[in-house]
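Please look over the sequence and the structure shown below before reading on. The report that follows takes up one residue, then the nonpolar cores, and then the largest pocket.

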Amino acid sequence: MAITIHDLRARKERGERFVMITAYDSAVARLLAEAGVPALLVGDSVGNNHLGYSTTLPVTMDEILHHARAVARGAPDQLLVADMPFGSYQGSVEQATANAVDLLKAGMHAVKLEGGGWVAQLTARLTECGIPVMGHLGLTPQWINAFGGNRVQGRSPEARQRIVEDARALEDAGAFSLVLEGIPSSLAAEVTAAVSIPTIGIGAGPDCDGQVLVVYDLLGMTRGHMPKFAKPYADLGDAVVAAARAFASDVAAGSFPDDAHSYR
Ligand code: KIV
């Protein structure tokens with residue numbers, strides 16, 4: 001049976017922790033669905049994790065739509081959320097609404113918006129149009145230039161207060177859940193207790209209602225810097241390298257293809 005935004009809320013009410021994982025293509029989305037992962041995020045992290053950009057900022061609507069359609073083909077029954085990329089919702093309410101509509105037409109069930117303040121007004125508008133919105137507070141990667149880097153947010157009393165107020169404002173505006181990224185665990189716990197919608201943490205400690213990881217971090221495919229909060233649950237990066245080397249060495253030795261892999 002298809003998973004909906006209401007299922008996540010019910011899991012919070014039952015005190016049942018859940019996961020969300022990013023997905024960028026149909027093949028991996030199908031495997032994550034087979035594992036029973038309830039929510040998949042077509043994150044704008046597709047930019048730095050899949051497309052080779054150094055940040056999420058260059059990701060366009062066309063790119064996110066392309067990946068959203070692929071994920072929707074692979075896992076139509078999971079709750080599918082897509083990020084609205086940088087520049088796709090800042091221009092006007094009309095621009096944001098049109099882009100969010102395109103994401104739902106591509107098979108997504110909800111969109112994710114980074115930020116508090118005016119984003120709460122936009123959340124209310126999209127929610128009124130029947131477009132469920134997931135909020136995203138804390139270390140929001142689209143704000144890298146404003147933050148001066150990827151820095152943990154919410155450390156000062158004022159910043160803590162602002163994040164709690166933004167979370168309440170997003171809930172009041174109709175957001176169905178909130179990603180909390182890169183904030184102290186104690187603040188994430190405070191936000192999680194302050195709102196009745198589920199919080200989903202990444203680098204936000206153990207007290208959120210759910211946890212999200214970038215799929216390549218989860219699978220051990222990330223090369224270079226691995227964020228402190230990310231835990232690899234497999235070693236697919238090394239497995240890919242080993243498989244490619246073994247293939248090349250069999251071909252060099254003339255042992256592949258053998259009879260079993262050839263047509264007579
Ligand atoms: O784009 C993304 O992958 C995200 C998660 C890190 C929450 O926004």
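## A buried threonine, two cores and a pocket

In this predicted model, Thr-56 has a relative accessible area of 4%, and because buried means under 20%, Thr-56 counts as buried. Thr-56 sits in the loop that runs between helix H3 (46-49) and helix H4 (61-74). When its neighbours within four places in sequence are left aside, Thr-56 is in contact with Asp-44, Ser-45, Asn-48, Pro-141 and Gln-142.

The nonpolar cores come next. The largest nonpolar core holds 58 residues, and Leu-40 and Leu-103 are those with the most contacts inside it. H4 gives the most to this core, contributing 6 residues. Leaving aside its neighbours within four places in sequence, Leu-40 is in contact with several residues, among them Met-20, Ile-21, Leu-32, Val-71 and Val-81. There is also a second, separate core of 16 residues, which includes Leu-8, Ala-39, Leu-79 and Ile-200.

The largest pocket encloses about 990 Å³ of space. Its lining is made up of 37 residues, and those nearest the centre of the pocket are Asn-48, Asn-150, Glu-181, Pro-227 and Phe-229. At least two residues of this lining come from each of H3, strand S4 (110-114), strand S6 (177-181) and helix H10 (215-218). The table divides the lining of the largest pocket by residue class.

| Class in the lining of the largest pocket | Number |
|---|---|
| Nonpolar | 14 residues |
| Polar | 14 residues |
| Charged | 9 residues |

Asn-48 thus appears twice in this account, as a contact of Thr-56 and as one of the residues nearest the centre of the largest pocket.

Key:
Residues numbered from 1 in each chain as written. Predicted model: local features only at pLDDT ≥ 70, side-chain atom pairs only at ≥ 80, totals over all residues. Heavy atoms only, no water. Helix = DSSP H or I, 4+ residues; strand = E, 2+ residues; numbered from the N terminus. Buried < 20%, exposed > 50% of the residue type's maximum accessible area, 1.4 Å probe, protein only. Contact = heavy atoms within 4.5 Å. Core = buried A, V, L, I, M, F, W, Y, C linked by side-chain atoms within 4.5 Å. 1 Å grid on protein atoms, 1.4 Å probe; cavity = no way out; pocket = protein on both sides within 12 Å on 5 of 7 lines; lining within 4 Å. Points joined across faces, edges and corners; volume = space filled by probe spheres on them. Nonpolar A, V, L, I, M, F, W, Y, C, P; charged D, E, K, R; others polar.
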